[in-house]
Amino acid sequence: MSTIGLKILMGVTGLILVGYISLHMLGNWQVFLPAVYINQYSYLLKSVPLLLWSVRLVLLASFAVHVASAVRLAQLRRAARPKRYDQIKPNGASWESRSMLLTGIGLGLFVLFHLYHFTWHFPPFSAFDRFSARLSETSHPVPDVHRMMVEGLRNPWVAGAYLLGMSCLFFHIRHGIDGIFSSFGLVNRRSFPWERWLAHALGWVFFLGFSAIPVAIVLGWVR
Ligand code: HEM
């Protein structure tokens, strides 16, 4: 596939993943409300298996295509530049642009840890499976996601790992969104670089928006 085709694939799948992350952050903010809100929200999402599995499938496919196009683009770039790397001087490209691979791998590792922690509940997090709560006095018990989040993030080491993951997300999204604009020629360096501001603003919104959760839990503001 051509370089431009690969860039389109990367951009489109990246935007799908950013869309999921935005909704995920908004949903997670319910942890700041009484427990019943996020428990009900999570219960409702899981009570429509077709919707849940469709979203999971789209996410998984987007992730796979995003990574595969990144690898292919890197191969093409290397093939087009036969010089040895130690002969190439950094040409003003930003730190993020040279670190997309590193932050991408960091983000991938974070998501693996995150699924292990909050979705699969593998040891030593198996107890999360048994947390249950009632949405009303008469309702049947449902998973207590609020308690899982509080217990799961109150350990400062775990919270620290989340902050590290959020830092990777910050750099990856900030440069990724900027890259989408440059790839499609939507950048006019002479005008006000609004696309750069948008990329930075989104990076900060995700970083601060997600990090607020483990920080508030470690400080005991959410319990
Ligand atoms: C402070 C940050 C975050 C918190 C507190 C958080 C919280 C959660 C919780 C509680 C679940 C399990 C929901 C349930 O089973 O009821 C979950 C699932 C998930 N989270 Fe996060 N999340 C965070 C950041 C992220 C980020 C940055 C990403 C992606 C880059 C992400 C991707 C996912 C995915 C893919 C799932 C699995 C969804 C599924 O089961 O289909 N999360 N998260």
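**Core and ligand shell of a predicted model**

User: Is M148 buried or exposed?
Analyst: In this predicted model, M148 has 21 other C-beta atoms within 10 Å. A residue counts as buried if 20 or more lie within that distance. Because M148 reaches this cut-off, M148 is buried.

User: Which residues does M148 touch, leaving out those up to four places away in sequence?
Analyst: M148 lies in helix α6. Its C-alpha atom is 9.6 Å from that of H117, a residue 31 places away along the chain. With residues up to four places away in sequence not counted, the residues touched by M148 are F118, F128 and F131.

User: Which helix supplies the largest share of the largest nonpolar core?
Analyst: This core has 23 residues, and L153, M166 and F206 are among those with the most contacts inside it. At least two residues each come from α6 (145–153), α7 (156–183) and α8 (194–218). The largest share is ten residues, and the helix that supplies them is α7.

User: Which residues does F206 touch, not counting those up to four places away in sequence?
Analyst: F206 is one of the residues with the most contacts inside the largest core. Leaving out residues up to four places away in sequence, F206 touches I21, M25, L169, F170 and I173.

User: Which element gives the most residues to the shell around the ligand?
Analyst: The ligand is surrounded by 17 residues, with S42, F118, V145, F210 and I213 the closest. Elements giving two or more residues to this shell are α1 (3–28), α5 (100–118), α6, α7 and α8. By class, the shell has eleven nonpolar, five polar and one charged residues. With four residues, the element that gives the most is α5.

Definitions and conventions. Residues are numbered from 1 along each chain as its sequence is written. This is a predicted model: local features need pLDDT of at least 70, side-chain atom pairs count only at pLDDT 80 or more; totals for chains, interfaces and linings use all residues. A nonpolar core is a set of buried Ala, Val, Leu, Ile, Met, Phe, Trp, Tyr and Cys residues joined through C-beta atoms within 7 Å. A residue is buried if 20 or more other C-beta atoms lie within 10 Å of its own, exposed if 12 or fewer, and partly exposed in between; C-beta atoms are placed from the backbone. Two residues are in contact if their C-beta atoms, placed from the backbone, lie within 7 Å. A residue is near a molecule or strand if its C-beta atom, placed from the backbone, lies within 6 Å of it. Ala, Val, Leu, Ile, Met, Phe, Trp, Tyr, Cys and Pro count as nonpolar, Asp, Glu, Lys and Arg as charged, and the others, Gly among them, as polar.
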